[in-house]
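These are my notebook entries on a structure that I looked up piece by piece. I wanted to see how its parts are held together, and I wrote down each thing as I found it.

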Amino acid sequence: MHETMDKQGGIGLAANQVDVLDRVMVIHIPYQASQNEEDEGVEPKKEWHDKAFTFVNPRILRAKGKQKYYEGCLSFPDIFDWVERSATITVEAEDERGVTFTVEADGTFAVCIQHEIDHLDGVVFFRRMSRLKAQMIR
């Protein structure tokens, strides 16, 4: 799944997006440094940048705050919209060896985890979009 996600230029992929009916998702968010010192939209480098994660049976234990993020989806190429999600989350899952782990996520990592869990729960991207934008893409 990591290879498929990387080939498509994504940062997250849920198993059901590639016709695998397991509660598995992968995430890899490369760090992108700003080319402009005045760029306020660049996220500072975090411990989860440049690290490949595999989540088996993920579940959100805690969620706090709200953030809006401009999201896209490999299932809907070239479609992007602002989506509101929890700002920080705590997630428990197993890795590919069956070892349970917990992560605290914020920023892009929190958004990506929530987006991929939505896929696993059968919630597609356009259901989180504004009603007008969702109607435009149908």
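**Entry on salt bridges.** Before looking at charged pairs I noted the cut-off: a salt bridge is a side-chain nitrogen of Lys or Arg within 4 Å of a carboxyl oxygen of Asp or Glu. I also kept in mind that this is a predicted model. With that rule I looked at Asp121, which forms a salt bridge with Arg23, their closest N and O atoms being 3.0 Å apart. This pair links distant parts of the chain, since Asp121 sits in the loop between H2 and helix H3 (131–137) while Arg23 sits in the loop between strand S1 (12–14) and S2, 98 residues apart. Asp121 is partly exposed at 48% relative accessibility, and Arg23 is partly exposed too, with a relative accessible area of 30%. By the same rule, I found that the count comes to ten salt bridges.

**Entry on a pair within one helix.** Next I looked up Glu3, which forms a salt bridge with Lys7, and here the closest N and O atoms are 3.2 Å apart. Both residues lie in helix H1 (residues 2–8), four residues apart, or about one turn of the helix. I reminded myself that an α-helix has 3.6 residues a turn, so residues three or four places apart point the same way. Are Glu3 and Lys7 buried or exposed? Glu3 is exposed, with a relative accessible area of 55%, and Lys7 is exposed as well, with 64%.

**Entry on a buried pair.** I then turned to Arg85 and Glu71, which form a salt bridge whose closest N and O atoms are 2.6 Å apart. Arg85 lies in strand S5 (residues 76–85) and Glu71 in strand S4 (residues 67–73), so this pair ties together parts that are 14 residues apart in sequence. I found that Arg85 and Glu71 are both buried. Salt bridges that share partners join these two residues with Asp118 and Arg128 into one network.

**Entry on helix H2.** I checked the length of helix H2 (residues 107–120), and its 14 residues should span 20 Å at 1.5 Å a residue, which agrees with the 21 Å between its end C-alpha atoms. I also found that 14 of the 14 residues of H2 are buried, so this helix is largely enclosed by the rest of the structure. After H2 comes Gly122, and I noted that its phi is positive, near 80°.

**Entry on strands.** I looked up how strand S3 (residues 52–64) is paired, and saw that five bridges join it to strand S2 (residues 24–28), the two running antiparallel. One bridge to look for is that of Val24, whose partner in S3 is Val56. S3 is also joined to strand S6 (residues 88–94) by six bridges, again antiparallel, and here the partner of Ile60 in S6 is Val91.

**Entry on the largest pocket.** Last, I looked at the largest pocket, which holds about 410 Å³ of space. Its lining has 21 residues, of which Ile11, Glu71, Gly72, Cys73 and Phe80 lie nearest its centre. Which element supplies the largest share of the lining? H2 does, with six residues, and S4, S5 and H2 each supply at least two. I sorted the lining residues into nine nonpolar, nine polar and three charged. I noted that Glu71 appears here again, lining this pocket as well as taking part in the network of salt bridges.

Key
Residues numbered from 1 in each chain as written. Predicted model: local features only at pLDDT ≥ 70, side-chain atom pairs only at ≥ 80, totals over all residues. Heavy atoms only, no water. Pairing = 2+ DSSP bridges. Expected span 1.5 Å × (residues − 1). Buried < 20%, exposed > 50% of the residue type's maximum accessible area, 1.4 Å probe, protein only. 1 Å grid on protein atoms, 1.4 Å probe; cavity = no way out; pocket = protein on both sides within 12 Å on 5 of 7 lines; lining within 4 Å. Points joined across faces, edges and corners; volume = space filled by probe spheres on them. Nonpolar A, V, L, I, M, F, W, Y, C, P; charged D, E, K, R; others polar.
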